[in-house]
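Thank you all for coming. I would like to walk you through one model, starting with a sheet and its helices and ending with two single residues.

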Amino acid sequence: MELPASTFHPEIRRSLESLSPLDSYIWCGTPRRERIGTSSRLHLPVWKLPRGISAYANSPHCISEVVDFEPRGFGKKGRIHFVGVGGSGLSALAMLALKQGYMVSGSDIAWSSYMDALKEAGASLFVGHSERNLHWNGEISSFPQAVVVSSAIPPENVEVLIAKSRGVPMYKRGAWLGKITKDYNLIAVSGSHGKSTTASMLAYVLKAMGDDLTAVIGAQVPQFSGGNVIYGDSHNFVLEADEYDGCFLGLLPHIAIVTNLDWEHVDIYQDEEAVEEIFRKFLERVRTDGHLIVYGDKHGQSLGAFSMLNHPMEESDAPNYVKSLSDQLCANRYNITTFGMSSYNNWQASSVSPNSLGGCDYQLCHNGHPVTEISLQIPGDHNVLNSLAVIAALNALFGDGRQLYESIDKVKSHLKNFKGISRRFEYIGKIHGCRIFDDYAHHPTEVRCVLQAARRLFPSEELLVVFQPHTYSRLAALMSEFASAFREADQVIVTEVYAARETNVWKIGGENLAMFVTSPTCDFIPCLENVISELVNMVSENRHRQLVILTLGAGDITLVGRKVLRELEQKFNQESSLQFL
């Protein structure tokens, strides 16, 4: 992207206009004034590139991954600007910066719910991207001390280019995470699915046990006063570590959790092998004498540690499983603990069953020995696995299994009290015989897990799923997996794709998926407003029908359940009022 001349100060603009229009230049610093006798001239920090070479040829993101940052200027800690602040990842970092005492500004292409909390906390936020967003209170000379950029922001973003031209230190999200966590005892929770729930569950339990920790989660946690952030004084930092764009490769965790592996970000990674390779690189970042906690089942909803082995072992080698992991993954550089449903794991869940809380009970075993009964109020085998990862992490933190055994009753109580996070089997409400839930599930594995949990909770009720595919690339790559993911449902409605950051170069849509789903009955209703009308009419016609509605997807499908509930309540209230006239 070329910056218009009007972007710059008039004196800089005149100097730029003196450059040859036939050549390409790259801005590489800050303008400085050179004195010549009694006069002076402005020196521009530009390099002329050889003809035919693009300024971005070898730097697709044009943002330094490693750069020193010392706050300067504005008060004690200065100001940080976040580009793409409306997303779950960057909004959490912006909130943490506010809690740490920094002034915060940020921008995004559209307003999001995450920005509401940031604005209330004192951030200066903008919709749209512009040079003006970089200035504090409209002062032209007032630039931030650092700019943090979301992975979703393109390199030609105007705020990125302007900040670079002024020499402002630039960080991609992963580099910033590495910098702010480097002095902590970092517990990094990674994996294709379950990161947010596992990280928030671990942070909740630690906080309840008296640890004044810091935590950053990629989803809203109702039991956190800070939404998706905890800021404390202890040395522990629980972080949801995302593999998107290799973001977690800037971390140096003391404890790393890998919940599972799956081909989730199909727009970033070419195939499953590429996912496995990026996770192997992540494991190389675990500190010497640190700890890796990894999902160990060979068979299940998604891949575990087996897939990261260069020479996958056979089931008959299970007794030597952990030793095999140590030899092949870390050469005994750090400790390894496995968890799962299989008996050869260090931490195992057996006899899983639904409970009266709406969650699961299970028998906790350690190295083959029963320990205690665990009760959760969040449903599904996937959350049982998440809780096992938390227990294993607590054991690694305590450093002595006996300490965990001694405090297991407290751990049990805190796990039982954990209520889950927003958009993960979130209960929206009930009206007559209809219950409504909302879930973030946007991958076939996640869809299957949620529907299995729903069927276990509601064995005799009718399950109606409204699914909004998220991104064309994911739908195109995983079409057959999606088509078979809804078998636990009784009826499915597929909407049009939520495009997010993509354009439809695949020439594919929700209608294609609806045609591929052969069981159960599946309808294509592209517009969400029409879906709402259809659901309201369906429930109104038989208000005592025992129905569970599940809205699934990572886009604006989350608005549907509440709108349906509100319209049904208004309709039934109006009917009741008329009866009294």
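What follows is a short tour of the sheet, the helices packed on it, and two buried residues.

Please keep in mind that this is a predicted model, in which local features need pLDDT of at least 70, side-chain atom pairs count only at pLDDT 80 or more, and totals for chains, interfaces and linings use all residues. Residues are numbered from 1 along each chain as its sequence is written, and side-chain values use heavy atoms, with hydrogens and water left out.

Let me begin with the sheet, which is open and built from five strands in the order β7-β6-β5-β8-β9, with parallel pairing; helices (H or I, at least four residues) and strands (E, at least two) are DSSP runs, numbered from the N terminus, and two strands pair if DSSP finds at least two bridges between them. Because β7 (124-127) and β9 (170-172) each have a single partner strand, they stand at the edges, and one side of each is left without a neighbour in the sheet. Within the sheet, β5 (residues 79-83) and β8 (residues 146-149) run parallel and are joined by four bridges, and H81 stands opposite V147 in β8.

Turning to the helices, α2 packs on the sheet and touches β5, β6 and β8, its direction making about 170° with that of β5; angles run from 0 to 180 degrees between N-to-C directions, and axes are lines fitted to C-alpha atoms, for helices over the stretch in contact. Helix α4 (residues 158-165) lies across β5, β6, β8 and β9, and runs at about 140° to β9.

Helix α2 (residues 88-99) also packs with helix α5 (residues 173-181), at an angle of about 35° and with the axes 11 Å apart. On the α2 side the contact (heavy atoms within 4.5 Å) is made by G89, L90, L93 and L96, and on the α5 side by R173, W176, L177 and I180.

Where does Q100 sit? Its place is in the loop between α2 and β6 (103-108), and Q100 is buried, with a relative accessible area of 16%, where buried means under 20%, exposed over 50% and partly exposed in between, with a 1.4 Å probe and protein chains only. Leaving aside neighbours within four places in sequence, Q100 is in contact with K77 and Y231, and Q100 and Y231 are 131 residues apart in sequence but 7.7 Å apart in space, C-alpha to C-alpha.

Finally, T338 lies in strand β16 (residues 335-340) and is buried, with a relative accessible area of 0%.
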